[in-house]
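Colleague: Before accepting the terms used for a structure, I should like to hear the reasoning behind them. May I put some questions to you?

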Amino acid sequence: AFIGTYMASENRTDDAIEWLKAASQRGNLIANLMLARAYWSKAQTVEGKEHDAFRDQMLDEYTHAIALGSDEAMFALGSIYLSGEFGDDNRLSGVALLEQASAINNVSASLLLAHMHYRGEQVERSLDRAETFFHAAAENGGRRSRLQYARFLFDPNNARTFNSDAYDWLSELAEDDDAEAMLMLGNLHAKGVGVDQNFRRAL
């Protein structure tokens, strides 16, 4: 699996596939994921029946990885479904896979779902659902997802309450000298949003 992954990174896709196939036959989940990526990469370089054949092999590998509980495979295949590669009828399957991945703490899936619900893309627009997924991403992710959640709450157009979770996460980031987190905390204290107004603290 390691050799196959390395070869894939060197664009030696055909060699990578042979090594990864050998590993996947021994139940290696990483090999399934990398095989799916390799087949998808091959599909992008050809058209017609060849494209469809590589695409179907990619689908088989991701489906197998999903059966083994891989949230990464759920996110990857869900994103491909949403792209329309398998037709408009399968877009809803993409949303379902992203929700399944989010439910087992896949941060990328949670963030994508948050943005989809915020913008009303592929799903009905819902700020409540967007907040649910932004919060899930922030809870399980790092700096990027926590700042995105704070920005979402801070936007007056969203009519959200700035809660203690978001404040605590910003405070943790500020302790690590994160400039954007400090700026947000300063604005919160200056305006009295979610906290008592305190100009000294803001300064």
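Modeller: Please do. This is a predicted model, and a search of the whole structure finds 14 salt bridges.

Colleague: What makes the contact of K42 and D14 a salt bridge?

Modeller: The N to O distance between their side chains is 2.7 Å. The cut-off is 4 Å, so the pair qualifies as a salt bridge. K42 belongs to helix α3 (residues 29-43) and D14 to helix α2 (residues 13-24), so the pair ties together parts 28 residues apart in sequence.

Colleague: Why is D14 called partly exposed?

Modeller: D14 has 48% relative accessibility. Partly exposed lies between the limits of 20% and 50%, so D14 falls into that class.

Colleague: How do you know that D56 and R55 form a salt bridge?

Modeller: Their side chains meet at 3.7 Å, N to O, and the limit is 4 Å, so the term applies. D52, R55, D56 and E85 are linked in a network of salt bridges.

Colleague: Is R55 buried or exposed, and why?

Modeller: R55 has a relative accessible area of 15%. Buried means under 20%, so R55 is buried. D56, at 35%, is partly exposed.

Colleague: Why is F2 called exposed?

Modeller: The relative accessible area of F2 is 70%. Exposed means over 50%, so F2 is exposed. F2 is found in helix α1, and together with I3, Y6 and W19 it forms a nonpolar patch on the surface. The accessible area of these residues together is about 480 Å². Helix α1 (residues 2-9) gives the most to the patch, with 3 residues.

Terms used
Residues are numbered from 1 along each chain as its sequence is written. This is a predicted model: local features need pLDDT of at least 70, side-chain atom pairs count only at pLDDT 80 or more; totals for chains, interfaces and linings use all residues. Side-chain values use heavy atoms; hydrogens and water are left out. Patches are made of residues with over 30% relative accessible area and no salt bridge: like charges are joined within 9 Å, nonpolar side chains (Val, Leu, Ile, Met, Phe, Trp, Tyr) within 5 Å. Accessible areas come from the Shrake-Rupley method with a 1.4 Å probe; for residues, only the protein chains shown count as cover. Helices (H or I, at least four residues) and strands (E, at least two) are DSSP runs, numbered from the N terminus. Buried means under 20% relative accessible area, exposed over 50%, partly exposed in between (1.4 Å probe, protein chains only).
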